[in-house]
Amino acid sequence: MIQAITTKRRILGCLFALCAMLCLSSCGGIQNSINPAGPQADSLSRLWWLMFVVCTIVFVTVMIALLLALRQRTREPQFASTPILEPQPQQERRRRNAVISAVTITIIIMFFFLIVSFSAGRSLTADLAHKSGLSIELTGHQWWWEVRYQDVDASNIFTTANEIHIPVGVPVTFTLKGGDVIHSFWVPNLAGKKDLIPGKINTIWLQADKPGVYRGQCAEYCGLQHAQMALWVVAEPQDQFNAWRQNQTQTSLTPTTDSQKHGQQVFLTSTCVMCHSINGTPAGSNIGPNLTHVASRNTIAAATLANTRDHLAQWIKDSQSIKPGNKMPQNNLGDSDLQSLLDYLQSLK
Amino acid sequence: MSYKEAQKIQKTTIDDQELAAAMERERKELERTWARPSGVTGWFIDTDHKSVAKRYIVTAFVFFIFGGIEAALMRLQLARPNNHFLSPDQYNQIFTVHGTTMMFLFAVPMMTAMGIYLVPLMIGARDVAFPRLNLYGYFVYLIGGILLYTGFLLNTGPDAGWFAYVPLAGPSYSPGKRVDIWAQMITFTEISALVGAVVIIGSVFKMRAPGMSINRLPLFVWAQVVTSFMIIFAMPAVMLASSFLASDRLIDTHFFNPAEGGDAILYQHLFWFFGHPEVYIIFIPALGFISPIVIAFSRRKIFGYLALVLSLISTGFIGFGLWVHHMFATPIPQMGQSFFTAASMMISIPSGVQIFCWIATLWGGKLHIKTPLLFVLGFFAIFIIGGLTGVMLASVPLDLQIHDTFFVVAHLHYVLIGGSVFPLFGAFYYWFPKWTGRMLSERVGHWNFWLMFVGFNLVFFPMHQLGLNGMPRRVYTYLPETGWATLNLIASIGAFILAAGVLVFIINVFWARRAGEVAGDNPWAADGLEWSTTSPPPNYNFHNIPVVQGRYPLWQATPDAPVVRGLSTTKRETLVTSVLDSQPELKFDIPGPSPWPFCVALATAVTFIAGIFTPWAFLVGAILAGIALTCWFFGDPNYENRTARETGERSQPVSPPRELQPKEV
Amino acid sequence: MFSENSHAKAQSRKRNWAIKNIFASLRLCVSLSFCFVFLFASCKREQRQFSQPPSTFKSYDVTMSDIHPGAAGLQQPIQNPSEQRAYDTSEGKRLFTQYNCSGCHFNGGGGIGPALMDEKWIYGDEPQNIYSTIVEGRPNGMPSFRQKIPDAQIQEIVAYVRSMSGQLRKDVAPTRNDSMNARRSEERTERKPPQQTTAPPF
């Protein structure tokens, strides 16, 4: 019986060790809050490790105290024959002192946490007003992200979707707006999350210190396709970013081949034009993502599919089997029309 | 008059044999007076607190199993990336119904039920304060549960999450009647929780046995009182939230429509002003289970009774000051956030005090490691992890990273399963002998504990890591390149081990009811008053209401302990005592079985269920409820108890005997 | 070897079983009756069909007048499945705004185009009439949305248009929107018996 319990305890110990190992390993990842790539996420991750270590020590200490208490176990099978203990006052005083000091330590730890977290919080928000880098307006829709780059020069304002390019080392301010229901903008490698709430304006800033791509995802339950409402943040050196930005502000490329021309015709005469816009063409609806430079993006369908020809074709024909419930209808295009449309869309660099 | 005095008087006239015969006659009379109606009608009219509580417990456990099945389905869906086992529509309904079931149909009613069963036995009362109201509460709860599950089975399960944030749950984005069913089900559980709270507060304050002054109140009863007060203050907030939501959806009001001056954040404030205390409403009764178990199995008085009571009360107060930590990602000024961070961290202090006191008790005791204590030890291991992750979530900046991720899923299950369900199972093992007269098997109990403990940690520990790795909660699937597959698979395997643990428990219960060891009155040689009566207790709970001589009534009872004499045996009479000192004040008739609570519950059901479809329901329902309530109030309080009518007098004042007068401190 | 005691016990167990069975069946009855109440109301209402089957409408089947060359065929009104589903009517409401139907019809009160929330129908009130109005367009300004809106979405819009004058079941019609509300929600609109009228003189 006793042996059984010790074996069980040993198994349990192994299990905890395994869990701890899992916890400490796998710190890489493109969507990982403890793999920071910017000052915000960095200070948060340091805060996390601090709290993790302190809490682990607390947990282990309490568990040791509890296990030591188990030494008091009796093998007496009968309850009634174990006399009711009358605790000795001296021992009780010792215990009282122990409890009081434990509570004091708890209070001290809590104050420590409070101060640490308050100062970390201040560093995240305090200088928001002074950040004069890039300013982006982000609107959450069911189930994609509308990204609007702001600029004092109106000709530099442009709209894209689901992929945010930012220059490395520059603070980027986000103005968060809710388009329909509440969403939450979260790129764990760069910063914490903030909600996009209809009727309210929320702000957050973030900064990437090293180039790379970081995945973000909607973190507030927003309906059927909440699971597949993701986005990419591409952090790149300033000159690359400028080139990208320069390209994005242009209107779409005019189709060159016959097939592309036919594709544009298909786009403008079919369902597509009801929701999507392509700058430089009559298509100007704001219901779905802006497709002016769709071919320059790495993914489609809110970072669900890689932007390949096959995926694009599947998505256009039958998006409902990929993301059931999303707002893009099924389309009944003939094969040649579809191929031309794909040619056209893929030309929109 | 004390038992001793009674004996003294009787000794002058009759001998022992005659006394025994008189007692037996009295017992038979009590048996007849407090008889429970049987048969099918009995099911609708029986107001005995034990049978109502038993029904509550069984119903809540059935919902627990339903919720568990839903959890298993979700774990199957998430076991591998891009799984097509459930559609997003099904998954969203399932996780919403899972959360709603566990919070509203399992946890709160189960805790209320334990209180309704045990509180009168622990305070030495014959029944609860308002037995008919109590019965009404059960039926309302049952109807609410049936409503939710009927909807769910007919593809009308709510799908906006268990806290149903607007605008997603509002009229524009949740068409159909799904969320309406959720909102009305909330109304039903609100009513039943409020009713339960009133019943418990009434019983504890006015119906304690003489001598059980407020400083001798068992810790379980303290926990129930604190919980009941929390319910009374928290439930109105969710009543506002769900009624505003329902009226936005059904009659075009604009409480939450920002375009017409409403506010979507208002809903979150209202909901979490209830929602966070709700966590403590579930958790504090569980703390109440732990104290008696620790006392009984360490064979000593509790360490730091006063500290424990004050901790419970302060938890109840602070619990109302930290709702905003669910909303740190919304635009809230930093100063405001810091206040709620501080409050959220502060609440870990009373929790810490309690844990330290229990550990100190264990240190100074002689431990019998039986299944109930095993579950309490499991509570320590799991709950402390949950509490510490709670501290992390209280920190605003860190919360912004882990809020609404699987880290939160892990945290809330560590707190609610570790903090509530483990003590609850401990309590099942501890009080099962009292309820049925038979012991649950120890061997099977150990299996039960270890399966649940290992399974639980296997499901939920990896979720911390998943959350940090960026997995948001409430996603019906995920892409393989996110790297979440392995941990999710481990969690899914763990879910089935946990389920096996619960299954073992169910088997144990069915086995023990037929073949378990016969328990006797007090199998654990414990201290509480509930162990002084037979197992299972008679309908009238105690032949003679005991007089309490200390904080640990059975351990401190002298051999010639006094009892209360002079209560009528031919009508349902009980003693009303004062709030603080528990001095006898009145003799009072408790109402007996009645068909009207069920009728009022039906009228309530008509009002709120039909109200989903037409506003006329409120008119019809009001008339029906009016009729039923009139009959309830003017009906015979001693339904089915003809002999009671002969004595017309009611509510006689009593003068407390001298030894019960409060002494100078 | 049966003692009296065990016999009595067996009997009481039997009785208990009977009582339990009665309880069980009673509870079953209660829940079943609840089920049926809901079943009537919700068999189709809550369906959310994302992959739409091909449309049941063909706009060229629809005639505008009662005059037929030759013998009049029996015209069966065509069911619009979207009118049974709350999700579809709410989608129709969304599309009505997003596809800018409100640009001419405003919120149903009419302005540039005719009112949709009154009882007057120029080109018929049956779903297939509205369907062909959207697909074919009408004189005096209604454009043709042929190939611009997929059939499934037209069905949703048709269901919504009919809900504006209260032609749909109350529990299917959409409730208020999350923006400025210019009128009573469709769910609370009283049904107006449709009347045929001629095109307004503009």
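The following exercises, each with a worked solution, concern a predicted model.

**Exercise 1. Two packed helices**

Determine how the axes of helices α15 and α16 of chain B are oriented, and which residues bring the helices into contact.

Solution.

Step 1. Packed helices are described by the angle between their axes and the distance between the axes.

Step 2. Helix α15 of chain B covers residues 406–436, and helix α16 of chain B covers residues 442–468. Their axes come within 8 Å and cross at roughly 165°.

Step 3. An angle over 145 degrees counts as roughly antiparallel. Therefore α15(B) and α16(B) are roughly antiparallel to each other. The crossing of α15(B) past α16(B) is left-handed.

Step 4. On the α15(B) side, the residues in contact include B:Phe406, B:Phe407, B:His413 and B:Tyr429. On the α16(B) side, they include B:Gly445, B:Phe456, B:Met463 and B:Leu468.

Step 5. Sorted by class, this contact of α15(B) with α16(B) has 13 nonpolar and four polar residues, and no charged residues.

**Exercise 2. The contact between the chains**

Describe what chain B gives to its contact with chain A, by element and by class.

Solution.

Step 1. Begin with the residue totals: 82 residues come from chain B and 77 residues from chain A.

Step 2. Next, look for the elements of chain B that give two or more residues to the side touching chain A; among them are α5 (88–123), α9 (264–298), α13 (371–394) and α16. The element that gives the most is α12(B), with eleven residues.

Step 3. Finally, sort by class: the side of chain B that touches chain A has 49 nonpolar, 25 polar and eight charged residues.

**Exercise 3. A sheet in chain A**

State the strand order of the five-stranded open sheet in chain A, and identify which strands stand at its edges.

Solution.

Step 1. Strands of a sheet pair through backbone hydrogen bonds, either parallel or antiparallel.

Step 2. In chain A the order is β3-β2-β1-β5-β8, and the pairing is mixed.

Step 3. The edges are taken by β3 (158–161) and β8 (201–206) of chain A. Each has a single partner strand, so one side of each is left without a neighbour in the sheet.

Step 4. On average, and with direction ignored, neighbouring strands of this sheet are turned by 25° against each other.

Step 5. One pair may be examined in detail. Strand β1 (residues 134–141) and strand β5 (residues 172–178) of chain A pair in the parallel sense over seven bridges. A:Thr139 stands opposite A:Lys177 in β5(A).

**Exercise 4. Unusual backbone geometry**

Locate B:Pro167 and B:Pro536, each joined by a cis peptide bond to another residue, and decide whether A:Ala302 and B:Asn155 are buried or partly exposed.

Solution.

Step 1. Most residues other than glycine have a negative phi, and most peptide bonds are trans.

Step 2. A cis bond joins B:Val166 and B:Pro167, with omega about 0°; B:Pro167 lies in the loop between α6 (131–153) and α7 (178–206) of chain B.

Step 3. Another cis bond joins B:Ser535 and B:Pro536, with omega about -15°. The loop between α17 (485–515) and α18 (553–556) of chain B holds B:Pro536.

Step 4. A:Ala302, although not a glycine, has a positive phi of about 55°. This residue is in the loop between β11 (299–300) and β12 (305–306) of chain A. A:Ala302 has 24 other C-beta atoms within 10 Å and is therefore buried, the cut-off being 20 or more.

Step 5. B:Asn155, also not a glycine, has a positive phi of about 65° and is found in the loop between α6 and α7 of chain B. With 18 other C-beta atoms within 10 Å, B:Asn155 is partly exposed.

Methods
Residues are numbered from 1 along each chain as its sequence is written. Chains are lettered from A and ligands numbered from 1 in the order in which they are written. This is a predicted model: local features need pLDDT of at least 70, side-chain atom pairs count only at pLDDT 80 or more; totals for chains, interfaces and linings use all residues. Axes are lines fitted to C-alpha atoms, for helices over the stretch in contact, and angles run from 0 to 180 degrees between N-to-C directions. Helices (H or I, at least four residues) and strands (E, at least two) are DSSP runs, numbered from the N terminus. Angles under 35 degrees count as roughly parallel, over 145 as roughly antiparallel, 65 to 115 as roughly perpendicular and the rest as oblique. A crossing is left-handed if the near helix is turned anticlockwise from the far one by less than a right angle, and right-handed if clockwise. Two residues are in contact if their C-beta atoms, placed from the backbone, lie within 7 Å. Ala, Val, Leu, Ile, Met, Phe, Trp, Tyr, Cys and Pro count as nonpolar, Asp, Glu, Lys and Arg as charged, and the others, Gly among them, as polar. Two strands pair if DSSP finds at least two bridges between them. A residue is buried if 20 or more other C-beta atoms lie within 10 Å of its own, exposed if 12 or fewer, and partly exposed in between; C-beta atoms are placed from the backbone.
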